Amino acid sequence: MHDLLEAFRLVAAPDVLVAILASAIYGLVVGSLPGLSATMATALLVPVTFWLSPIAAIATIITASAMAIFSGDIPGCLLRIPGTPASAAYTDEAYAMTRKGQAEMALGAGLWFSAIGGIVGTLSLVLMAPLLAEMALSFSTYEYFWLAFLGLMCATLVARSSPIKAIASMLLGLLISCIGMENPAGTPRFTFGLTDLLGGIEPIPALVGVFAVSEVMRAMVTAEPPKLPKRKFGSILANQWMLTKKYQWPMWRGNIIGIIIGVLPGAGADMAAWVSYAMSKRFSKEPEKFGTGHPEGLVEAGASNNASLASGWVPSLLFGIPGDTITAIAIGVLYMKGLNPGPTLFTERASSMYALYIIFIIANIIMIPLGIMMIRAASVILRAPRAGVMPVIILLCAVGSYATGNNLFAVVLVGLFGMLGFVMEKNGYPVAALVLGIVMGSMVEQSFITSLIKSDGDVMPFFERPVSAVLAALTFSALLWPVGVWIWNRIRHPRLPAGGATG
Amino acid sequence: MMTLPRRTLLGSAAGLIAAPALAQPKWPNRPVQMLCPWAAGGGTDAVARILAALLEKDLGQPFNVVNRTGGSGVVGHTAIAQAAPDGYTIGTITSEICMLHWQGLTELTYRNYTPLGLMNSDAPGIQVNASAPYQDVKSLADAIKASAPGKLKASGTGQGGIWHLALAGWLNAMGLKADHVRWVPTNGAAPAMQDLVAGGLDFTTCSVPEARAMLDAGRARSLAVMAPARIGAFPNIPTLKEAMGVDYAVGAIRVVAAPAGLPADLVAAIAPALKRAYDTKEYQDFMNSRGFGLVYGDAAGAEKALAAADLSLGNAMKAAGLAKA
Amino acid sequence: MQLSDRVTGAVLIALGGAAAIFGARLPAVPGQDVGPAAFPMLIGGGLALCGGLIAFGIGHSFEVPEEGDDPAPPGSLHLGRLRPLIPTALLFFYVLAVERLGFLPTAAVVVLLAAIALGARLRLAIPLAIIAPLCVHLAFYKLLRVPLPAGILPAPW
């Protein structure tokens, strides 16, 4: 009890409160600018944290990353340019809603359910951290392999167009993830002698390229879409209560899936968003509406990715094991400030722990008013002339991708991926699946190879271990789903007219 | 006042005229860039940042840490080597520079740099699961010797990474083949420790600070460190020499360096500043709180450490079949 | 550019084949039975398979017809079919020029050309090309301490 009161006192310190507010605005702004990303935002905070007190320092990281993951939805919805790989899972859906004139419902859903997901995730952190940690530790490389594979298969479940093209995009992404020497063998692959490729292709330049740059390229060859009628941007929260009641079950499913996936180190918000969106479509009563501008997927995936963010702190705080790049940075800051992850954080520094929990909750609560202001500010974009917005986007793409590693090669990559994304989209290959492949590729290979090394080449453990078996079954059903549907169609309609198909 | 002899007057007049030409602006007179080849938030980044802050306080000019990542460290190390040797671009180089050229990934070696100060050396530890039967490193070593080649599994970093080489060197020192224990590559120490605790590995050879959280949680036990002396922050862990008489030690070192060809007067300005930074309470506290090894070497000492690392890591790589050069 | 499924399928087959062939050449690593060649070969094979399926039109039945966008009205910088390449060209220009010219001039050129290419009038393009680089520079250089090259026109701060 004394620790809890001490924690409130720690958080109420003026420098901490200012840090929270400032980093919230920073995270919101950076996350919502196309070309910049949440990872970049967090990495660029590290020098700033150096000068701050420990609680203030970690507060900036927590707040900025939580805000940026939400605000990555904003450019995705308004411009079809997702701010983070997590938002890429449902960008098309959100954009379709904007075109139907329902932008505020889409963004409101993103905001509301992100906040709920974040709070539920934090509660899981507070109440169930040790339990979740046990679960995380029992996941070995065999389980990770199936989980990663399952995540990849979600690309097929959500494809609006041909699932074969979705799989092809995903395989292309996997191939791209093979580039470099960051593989279990430590052997440089497909680097063509370029030093810059030794480290492989980072997902962020690829994401920025295939979404943002290719969108600008599309703008070069299409007419400006008709402006939405100049009406007041409606209340953002108006419909959210209705949505909450209607989609209660998907929301909770999203929260739970997000918590579970987030707890597993290596599987983060990106995967959570994808898996949840796919599950939403799979279990929905109205699956045909997905892709036309339907909020159900946004509810589940929006809750999931913020929940996974919060629960991702469990392995970080308990064992210093990062869940993704952002938590890796956060762990570095924790160490730098003397808040070493591990049990001592819970026993000797309990008041600091509670302070962190309080900051999580504050961050998710202030997300709502600040998010509303950010959305209103961003909606101005909808009325700005495209010829003014797009050039700034190009500039941000260049600087944003340069900023994290101070490497101009990243800008070259953005340009190349822009061209790739443009060609792919024109021919019906979903680029979101490409990004998914790039993000997940190393996890799949790493877990596969290390599992084989540990089992001395035996593949049986992949199927014998209980959790592995369950995940394997889920994965195969996801893989065979489109094939099954195709066969089903052929059986039901044995004679198809040449070149056409009935559904 | 006595009249000064004319010679002295002339001499001093000449000195006064010559002085402005000789007196260059004292280094540093504008901000200095400190390049770090590794990502923000990592260990090398943290050391670079604290050194930059201490140097800034000492010398009065901003020292900006710039992360130049990419190519598994090659990009940053190349940037440091290719900068102008004017004292305004320095960087933190790491043991990787002694490994990359053996793999044929770059032409750079430690000779492309002017070492200024060895600031840190982390030794690998040997960690086992808390429920493992080995209470000391000797019993683990006996188990290794008794096991069939490739039966036991160890990890700590990626294939060919420094902890892998540490294991290879240790096995060699015990008279075993470098691959007697199968190495399971991981993306760093954290996943390795996780797998150790989950029961997937027999032991890890990552550094003790990297394993610390698991050690504190009572999930893992550190049996020894491959260092010449016990680590200050972990005084209960014996060295390999103490525990089993095998005199094998290796370390992941971090050296502040400038491009090769730095003029001697600049070396004479920077190197002592680094020593002063090392001696400050803030640096010592910081390193101790993280458990990083507090090892110092001046410019000459740093060069010796790099040369020794180049040799021993090269040998370990050849033994493990990883060297191309 | 819209290509037929045959063409994209063929490209995928070629790419998959190349990946598999070059991947198979990668040397195995001591201590690992499944080497670095495995994944490229698997993925290459999968890509080639998908490419084949796509080229033969299998799975086409699932496709939702794409809504066509209206083509752009003739604007400035007529370059016809090369217009989509403008953003990438500008990014490459940025990479080549920023170290020599410095951030502010390079960024101004990029913004100006992009705006004109999209049909903005000079009344919008020129002020934008001046203000946007300054704002971005302020945010990144000053606030976030990202070293943007000064070049021939360093920022006043």
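How many residues does the contact take from chain B and from chain C? Keep that in mind as you look through these views of a predicted model.

**View 1. Here is where chain B touches chain C.** The answer to the opening question is seven residues from chain B and five residues from chain C. Look on chain B for β2 (63-67) and β7 (182-183), since each of these strands supplies at least two residues of the side that touches chain C. That side of chain B is a mix: two nonpolar residues, three polar and two charged.

**View 2. Chain C has five helices and zero strands.** Follow the chain from the N terminus and you'll meet the elements in the order α-α-α-α-α. Chain C has 157 residues, and 39% of them count as buried. Now take the contacts in chain C between residues at least 6 apart in sequence: 61% of these join residues at least 24 apart.

**View 3. Chain B is assigned two domains, domain 1 and domain 2.** Domain 1 of chain B comes in two pieces of sequence, 32-121 and 252-319, while domain 2 covers 125-244. Their C-alpha centres lie 27 Å apart.

**View 4. Domain 1 of chain B meets domain 2 of chain B.** The contact takes 15 residues from domain 1 and 15 residues from domain 2. On the domain 1 side, two helices of chain B, α11 (281-290) and α12 (299-319), give two or more residues each. The largest share of that side, five residues, comes from α12(B). Sort the residues of the domain 1 side by type and you get eight nonpolar, six polar and one charged.

Note on methods: Residues numbered from 1 in each chain as written. Chains lettered and ligands numbered in written order. Predicted model: local features only at pLDDT ≥ 70, side-chain atom pairs only at ≥ 80, totals over all residues. Contact = placed C-beta atoms within 7 Å. Helix = DSSP H or I, 4+ residues; strand = E, 2+ residues; numbered from the N terminus. Nonpolar A, V, L, I, M, F, W, Y, C, P; charged D, E, K, R; others polar. Buried ≥ 20, exposed ≤ 12 C-beta atoms within 10 Å, placed from the backbone. Domains from an automatic or database assignment.
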